[in-house]
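Please look over the sequence and the coordinates below before reading on. The explanation that follows begins with the chain as a whole and then turns to individual residues.

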Amino acid sequence: MAKAAKSAPPAQPADPMPRRIEPCVATLVDEPPKGPEWAFEVKWDGYRLAVHVEPGEVRAITRGGYDWTKKFSAIVAEARDFGHTSMIIDGEAVVLDDQSRSDFGLLQRAVGKKPSLHEPSEIIFYAFDLLYLDGRDLRSLPLSERRQLLEPIVAGRTGAIRFSEEVDADGAEFFRAACELGLEGIIAKRRDKPYHSGRRPEWLKIKCARRDWFVIVGYEPSTMPGAIGRLLLAAKKGDGLVYVGGCGTGWSNKESSQLRELLDAIPAKRPPVALKRKGAVFSEPLLVADIEYRAWTQDGKLRHPSFQGVREMEGPTEIVEIDRDA
């Protein structure tokens, strides 16, 4: 009697696909880590997104869990054509400036309601992690294996979805080069670690900071008596000054009171810059502030400024000068 054929082993049940995965968030540190277990990428300055691909549905979910599918239609349309039944890709949506640097201000305008020189179709999604693929939850795999599965899906694409490449370099050298190019910073990730939601030590961010001298043209009072709420700052433009924003951090309570005393001693007869702001107290442009900041916004203001010190202005050439045509 012939033996019965062996039946095939039962198929492994698919992992249920999560409707949302809280993203892994990098921890801010001062210096890049050392060691071969670390991989480095550019820190993109945009909106963190998870692109969910399911049969009959593609969704773009923000870091906070909002469905922004309609705002990122080009990204969603391209994800439909990947040829996979289901997947969750982690990445960052950005708009690049004319030097191929991600610019958060340009992105805000592209997705906003105000008129913009940049269309929503210019938004690029840089994919850097793969969390789910065709019925399999990949979060327990080390980063290196997740990236190996992601790379053939998105690498080489030049459309709305692109691969966020690892940079094969020493972390300190890469960070120095990134800052010289005007990038926001770099990301370091442990190649051997699984994916965990929330702020994690296996993902690190190292930000570039710029530092320059700006003229103090006044202040906004603090709710604390005798103190300053925000310094009003200006840069040189042509033969005059132009307002570049306010700075409200970086000083102690004692320093805040001392700054107010200094500025109250040199009141301006007329505002040194074209600025109408209720409650502003203007001063003669005789003092300069040492300001650390991340970047410039699209409308010519300092992004994330922090006060580092103050002194008398020794000459107009020491302060930042903005191009006359800017």
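In this predicted model, buried residues account for 46% of the 326 residues in the protein chain. The secondary structure of the protein chain consists of five helices and 18 strands. Among the contacts of the protein chain with a separation of 6 or more, 67% join residues that are 24 or more positions apart.

The overall dimensions can be set against a reference: whereas a compact globule of 326 residues would have a radius of gyration near 20 Å, the protein chain has 25 Å. Taken along the principal axes, the box filled by the C-alpha atoms of the protein chain is roughly 110 × 45 × 35 Å. The surface that the protein chain exposes comes to about 17,800 Å², of which carbon and sulfur atoms supply 49%. As for charge, the protein chain carries 48 positive and 49 negative charges, and the mean positions of these two sets are 5 Å apart.

The cysteines deserve a closer look. The structure holds one disulfide, which is formed by Cys-179 and Cys-208, with their sulfur atoms 2.0 Å apart. Cys-179 lies in helix H4 (residues 171-180), while Cys-208 lies in the loop between strand E10 (198-207) and strand E11 (210-221), so the pair ties together parts that are 29 residues apart in sequence. The torsion about the S-S bond of Cys-179 and Cys-208 is about -90°, and the disulfide is therefore left-handed.

How exposed are the two partners? Cys-179 has a relative accessible area of 29% and is partly exposed, whereas Cys-208, at 6% relative accessibility, counts as buried, because buried means under 20% relative accessible area.

Why does Cys-247 not form a bond with Cys-208? The cysteine sulfur closest to that of Cys-247 is the one in Cys-208, and it is 19 Å away, which is too far for a bond; a disulfide would need the sulfur atoms to be within 2.5 Å. Cys-247 is buried, with a relative accessible area of 0%. Cys-24 is buried as well, with a relative accessible area of 1%.

A residue in one of the strands shows how separate parts of the sequence meet. Ala-188 is found in strand E9 (residues 185-190), and with a relative accessibility of 0% Ala-188 counts as buried. When its neighbours within four places in sequence are left aside, Ala-188 is in contact with Pro-33, Trp-38, Ala-39 and Phe-40, and also with Glu-202, Trp-203, Leu-204 and Ile-206. Ser-121, by comparison, is 67 residues from Ala-188 in sequence, and the C-alpha atoms of Ala-188 and Ser-121 are 29 Å apart in space.

Finally, the backbone torsions single out two residues in loops. Ser-100 has a positive phi of about 60° although it is not a glycine. The loop that holds Ser-100 runs between strand E5 (87-94) and helix H2 (104-111), and Ser-100 is exposed, with a relative accessible area of 52%. His-304, which is not a glycine either, has a positive phi of about 55°. In the case of His-304, the loop lies between strand E17 (302-303) and strand E18 (306-312).

Terms used. Residues numbered from 1 in each chain as written. Predicted model: local features only at pLDDT ≥ 70, side-chain atom pairs only at ≥ 80, totals over all residues. Heavy atoms only, no water. Helix = DSSP H or I, 4+ residues; strand = E, 2+ residues; numbered from the N terminus. Rg over C-alpha atoms; globule rule 2.2 N^0.38 Å. Buried < 20%, exposed > 50% of the residue type's maximum accessible area, 1.4 Å probe, protein only. Contact = heavy atoms within 4.5 Å. Areas by Shrake-Rupley, 256 points an atom, 1.4 Å probe, with all protein chains shown as cover. Lys, Arg positive; Asp, Glu negative; His and termini not counted. Charge placed at Lys NZ, Arg CZ, Asp CG, Glu CD.
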